[in-house]
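Biologist: I should like to discuss the enclosed spaces in this protein and the reasoning behind the terms used for them. Could we look at the structure together?

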Amino acid sequence: MQNKGLIRFFAIALAVVSLYQLSFTFIARRVESDARRYAQSEKYVNLAQTMAQGNEIMEGFFLDSITKDRERFYLDSMMNLPVYNLGIASFTFQQVKERELNLGLDLKGGMNVTLEVSVQDVLRVLSEFSADPTFNEALALAAQEQRVRREDYLTLFGESFAQVDPNARLAAIFSTVKLRDRINVNSTNEEVLAILRTEVNTAIDRSFQILRTRIDRFGVAQPNIQMLPATGRILVELPGIKEPERVRRLLQGTARLEFWETFEYSEVFQYFIDINERFRQANVDAVATTDTLAEVVAPAEEQQPAQDQELVDLLAGDTAVVADQADQDIARDNPLFAFLTPAFVQDQAGQMAPGAGPVVGYSAIKDTARVNHLLAEAYRQGLLPRNLRLMWNIKPVRGQENLHELIAIRQTAREGGAPLTGEVVVDARQDYSPTGEVVIDMAMNSEGARTWRRLTADNIGRAIAIVLDGYVYSFPIVQTEIPGGRSQITGQFTITEAQDLANILEAGSMPAPVRIVEEAIVGPSLGREAVQSGLVSFVAAFVLVLLYMLFYYNRAGLVANIALLTNVFFIMGVLASLGATLTLPGIAGIVLTIGMAVDANVIIYERVLEELKAGKGQKLAIADGYKNAYSAIIDGNVTTLLTGIVLNVFGSGPVQGFATTLIIGILTSLFTGVFLTRIVFQFWLDKNSKISFDRRITRGFLANTSFDFIGVRKKFYIISAVVLIVGLGSLVIRGFNMGIDFSGGRSYVVRFDQDVNTLELRDVLEDQFGEAPEVKTFGPLSQVRVTTSYLIDDLNPAADSTAERRLFDGVQPFFATPITFEEFTSDDEAKVLGRMSSQKVGPTVARDIKINAVIAVVIALIIIFAYVAIRFKKWQFGVGGLSSLFHDTLIVMSLYSLLPGLAPWNMDLDQTFIAAILTIIGYSINDTVVIFDRIRENINLFPKRDLKTNVNDALNATLSRTFNTSLTTILVLLIIFIFGGEVIRGFAFALMVGITVGTYSSLFNAAPVAYDLIMRKKKQ
């Protein structure tokens, strides 16, 4: 054997590197195990018993709390201590953790978020909030186009601007103070768009850096934040997160800090009396409600005032209607004051008079949307002055958890901006006031200090509102001029809220808002269950394959098993070396790789058996067997590898995890299955050891078949045609059940403490969401998956929380034991009930996923057709292979159209399904290529023999290999299907069907179609 020394060197080097990389994972697990033992020591158990004073329930509570605290304390204390000494280098626990094999969020719990910078808001800022109607119409049109087109927002804006007014010039809008040195009146629209693109990219890069700073200060272990190429989106992965709502605030807050002067209510109260009277005359009786604090009320200069009936229609068509007739009468008589209680107080004469300070009135949180509608219309009607802005207090009134204050802001700057902003803040930290209240202390630079001093001097006796992201956090009364540039933000903060806000302020404000367009939350307990199910399926499938190879190929099967064990070790080592993340689909990829890795050994062993049958000696038979198998192995694996690369490029999230392990597995299985086994055989041959490639019971199995595949091909064409017609009919009539990956929406996995009726649950949730959600049993009868599009288009950061609250209100009655909202949404490690996981996919992300899926399938088919046609030097082989791939894909897609609602597992069309289709394509063409390779060999060996005989002989000669490879792979997938968990059960089902159909099509479609095309060309 040539290059034996090089192969040995490479194998040893790869083993050493894999062992070194995986050793960090072993050390990290050992330290964590020590932490658990330390936390569960006898003294802490005794402490819990003492604190509980005989109450068993409280003892368990105290023990759990103490154990977690002590375990965390132990790990924190070890962070900077050396725990791994290699002699030439030592590593602290923190360094070890950074080098360990990363587990995906689906295996250990956490939060995965995709953020998108609002380019629309960037353009508004760059235009200094231009009221130009063409500009604003183009922004709105571009936002609509973005939902259905792949181009980025700025490109769509440029097209929309030209569409709205072909003669309009962008230079007239963007020749602002900031851009005046680069944009002048003579700049063309193309030149302006190029400058805007630079500004947008700068804003995205700055947002990325600010987010990284915020996350680093958040204190989560092993966070991952990366820019997604060519999308302008930012991916954030936070393992072990237990407070998703806190993370949403951290990531989506722009940290736009502003200091505003205010009006006294006595200066503006008459405006609101006039508004109430004006709308009473308009007979406005509709009531808009929301579960979250509505957005800031501000002037809208570009809009025209509504007529009376238009105003009625505007509000009547919003969301809800007051149920109680008495409330309706009050709302009709006092359209504004029924929902915004004026801030009047009783004076000394017993008369009602405007209160002191900037508070305009008080409104219940559900009524803030209606108040905003009315006040926005008041601006349009000219009933409010332009220098008056209205903002809600973010915190409720003390003792009134559902009541918020509306604050009167005075706008003094000509351009509409705040007199002082957060750009001057150089330091921010959580602190305490003299009364013990949690506050945020801030320090300003010299310019900010001068402005702050002037601002406070001009407003002694009046309030200055401290505003963050459009909401008032506090409005202290200025007692005296404040020099030095120091200030405080108060607002009934918890310590955690104050710390997060201080970190956000110190990291800097975002150049534009960022919005969560895709989100996935996996609870730790669900992650642990995924690990258990993944490991069970992995071990069971692995053992089954090992036993089968040992049974069928005798001692040669032992060599294949050594290669398989080494292959898994190499895969894990390479994953650790690359810093890749192991996910549940990744485990499925490894398990599938095991099934496919057997194929190389099967091809070689079947070739060796043929050589032995021809009378060759053991040494020569092994050498010729390997030599004759190389082309089939390489062709088959290259096609699957190309499919894996396409998956990795166009997939995202779990699909990429699957593709990464598949690619690594194909490469390592080629090395171990071809070269490593050759080394072992050579070692045995050098010792004159007898090597058996079969057993008596398996000897000659499918070796002497002479089935006339070509002769019966038309019958199988008819069978395939009938199946395809039924499937296509279902596709046309029933269509698909689209997953949220493709349709956009929200999905929640909820676990109850008793079995639930999905129909009853759906009816209750329909009342909450205002639309019928999809409710399906997900695994046991006590667990369901709820899918809805509720508020998916709402850009308000509070929409996600609102959706979760509505979900909780709907499912709460179905729990046998009452559960609180905090318990329902928490991600505590011991949690076993409530919202176990959630996923959100925004419309634009769903569009991109759908387009990428189509592109991935088309590119995979084109690449495979081109490779097969070039490799076999006949386009007919390429068409034959392509026809079988279309056949396999359509049949699997047909089943996904026929079975939704009948199968008890997930049958949605989503990213995972596309991954399954591409894997089926790769596997099916691998099967087909092995047969084509034997046909090519027969044509070269027997050029005078008719083509039908050569094709039939090739199909019969490879039948044993086809059976063994397909059987082992299907058995592996069956194990995944049974034990792999609910998340990947649909994926395993699609692969099982696809590989069964792919085996059929390789025998009865691909080769016969290629035969017919070649014969037709000969006749012509």
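**Enclosed spaces and their linings**

Modeller: This is a predicted model. In the lining of the second largest cavity, four residues are nonpolar, two polar and six charged.

Biologist: What makes six residues of that lining charged?

Modeller: Asp, Glu, Lys and Arg count as charged. The lining includes E606, R607, E610, D933, R934 and R961, and these residues are therefore counted as charged.

Biologist: Which other residues line the second largest cavity?

Modeller: I603, N628, A632, V930, A957 and T958 belong to the lining as well. Two or more lining residues come from each of α19, α20 and α29 (911–941), and α19 gives the largest share, four residues. The volume of this cavity is about 100 Å³.

Biologist: Why is such a space called a cavity and not a pocket?

Modeller: A 1.4 Å probe fits there but cannot get out, whereas a pocket is open; the enclosed space is therefore called a cavity. Four cavities of 30 Å³ or more are present in the structure, and the largest has a volume of about 120 Å³.

Biologist: What makes D599 the one charged residue in the lining of the largest cavity?

Modeller: That lining has five nonpolar residues, five polar and one charged. D599 is among its residues, and Asp counts as charged, so D599 fills that class. M596, A597, A600, I666 and L670 also line the cavity, as do T593, N637, T640, S669 and N926.

Biologist: Which helices supply at least two residues each to the lining of the largest cavity?

Modeller: They are α19 (584–613), α20 (618–650) and α21 (654–686). The largest share, five residues, comes from α19.

Key. Residues numbered from 1 in each chain as written. Predicted model: local features only at pLDDT ≥ 70, side-chain atom pairs only at ≥ 80, totals over all residues. Heavy atoms only, no water. 1 Å grid on protein atoms, 1.4 Å probe; cavity = no way out; pocket = protein on both sides within 12 Å on 5 of 7 lines; lining within 4 Å. Points joined across faces, edges and corners; volume = space filled by probe spheres on them.
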